[in-house]
Amino acid sequence: MASISPSTVSSLSRGAWLTDSHGRIIHDLRVSITDRCNYKCVYCRDGENSSHYPELGMDEYLRLIEAFVGLGISKVRLTGGEPLLRRDLPEMIRELAGMRTLDGGRLDLALTTNGHLLEDLAGPLKAAGLNRVTVSMDAVDAETFERITRVPGSFERVLRGVRAARAAGLTPLKINCVLLRGFNDSQIEGFARFARAEGVVARFIEFMPLEEGRLWSPEIVVPMREIVERIGRVLPLEELEARDASETARRFGFADGVGEIGIIAPVTQAFCGACSRVRLTSDGKIRTCLFSQIEHDLYGRLRAGVSQEELRAYIARTVQGKEARHHIGEPGFLKPSRSMVHIGG
Ligand code: SAM
C-alpha cells in the first residue's frame, strides 16, 4: 500500500501541516525562479519573443519559501522557465539546504531543468546541497530532439548534462518526456532502451493544455495505456508499488529487473485527489493548481512589509481554497491565463 513520506508523518504528529478544504496535506512546493528559457520547444512556446514576468531577488524567494517551510512543506522543487539561467542558483541551493523542516530535518531539494547548462553546473549544485534533478528530454534521437527544442546542437549538450548529473550523484536521475502524437511518439521504445542503457528513470508525461499556442487536442495526447502496451511489447513490464500516496507517476519495472519507467497521466488518469502540491510563480504569486484561474499575490505582501507570521497565515488561508481537481477535456474547460513556461512546470 502507498504511504506518506516520513517527514510528512512527522509534521502530522506535531500537529503542524498545510491542508486544503478537501482534506489533502500539502507538503510539496514548486518554485519558478525565472520564466526565461533558452529553449523554444514547439509544444510549449509559440516561437515568438514572448514577454516575461518579473523575477524576484534570491533573498525574496528564500523568505517566501521559508514561510511555506514553516507550515510543513518538506519538499521544494526549483523550476522555471529554465532555472539554470539564474547565476545565483548554487548560492540559493546552499541557503535552502541550510533550512530545516518542521521536524528539524533537511528539505528534499530537487530541480527540473532542460539540461542545456547542466554539464558544468551538476557538480557545483550537488556540492551546494541539491538532492535530485529531473531533466526534460523529449526525444532520444538528435534530429527529433532539435526539431522540438529549435536549438541546434542541443541533444549532445543535454546528453552530456545528464551524464554529468549522474556522475555527480544527483540521483535517482529522472528524464521527463512529454509525448505528442505525430511529433515524438516514435521515441517511446527508444526511450525505454535509453533509460536502461543510461541508468536513468524515463518518465512519459501526457501533454496538457498549457501551451502558449493552440496545439492541444484530445487526439494529440498519447494515453498511458498505449505507452505501457507499446513498451511491454518489446520489453516486458511489471507495475511497481507507489512509494508515496501523492506520487504523480505510475511506476513500472522491466521484468528482467533492469531499470524503471514512470508514466504521468494527468489527462487520462488524473491524480488530483492525491495532489500534495502548491506552486509559486517567478513573480511571487501562489497558484494552488496548474489550472487555477486565479493567483494569490504573496510577494505583494512581502513588499508591503508584513511579518513571516502574516505570510504564513496568508499561505494557510490560500491553500485552504485549493481546487478539488482540474477539468481538462470537459465542456467549458478554460486554459489558465499563463502557459506552462510562465507558471513553472
Ligand atoms: N526548463 C525546465 C525544463 O525544461 O524542464 C523547467 C520548466 S519546463 C516548463 C518543465 C516541464 O514541463 C518540462 O518537462 C516540459 O516538458 C513540461 N511541459 C511543458 N509544457 C507542457 C505541457 N503542455 N504538458 C505537459 N508537460 C509540459
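This passage describes two strand regions of a predicted model, one around strand β4 and the other around strand β10.

We can begin with β4, which spans residues 75-79. Five of its five residues are buried, leaving the strand mostly covered. In a regular strand the side chains alternate between the two faces of the sheet. Here, K75, R77 and T79 lie on one side, V76 and L78 lie on the other, and all of them are buried, so that both faces count as covered under the cut-off of 20% relative accessible area.

Strand β4 has parallel neighbours. Strand β3 (residues 28-32) runs parallel to β4 and is joined to it by five bridges, with R30 as the bridge partner of R77. Strand β5 (residues 108-113) also pairs with β4 in the parallel sense, here over four bridges, and L78 in β4 faces L111 across this pairing. To get from β4 to β5, the chain passes through helix α3 (residues 89-97), making a right-handed β-α-β crossover.

Further along the chain comes β10, made up of residues 250-254. Because four of its five residues are buried, this strand is largely enclosed by the rest of the structure. Its pairings are antiparallel: three bridges link β10 with strand β9 (residues 237-239), and four link it with strand β11 (residues 260-264). G253 is a handy landmark in β10, standing opposite E238 of β9 and also opposite E260 of β11. Five residues separate β10 from β11 in a hairpin, and within its turn G257 adopts a positive phi of about 85°.

Methods:
Residues are numbered from 1 along each chain as its sequence is written. This is a predicted model: local features need pLDDT of at least 70, side-chain atom pairs count only at pLDDT 80 or more; totals for chains, interfaces and linings use all residues. Side-chain values use heavy atoms; hydrogens and water are left out. Buried means under 20% relative accessible area, exposed over 50%, partly exposed in between (1.4 Å probe, protein chains only). Helices (H or I, at least four residues) and strands (E, at least two) are DSSP runs, numbered from the N terminus. Two strands pair if DSSP finds at least two bridges between them. A crossover is right-handed if, with the strands pointing away from the viewer, the path from the first strand over the helix to the second runs clockwise.
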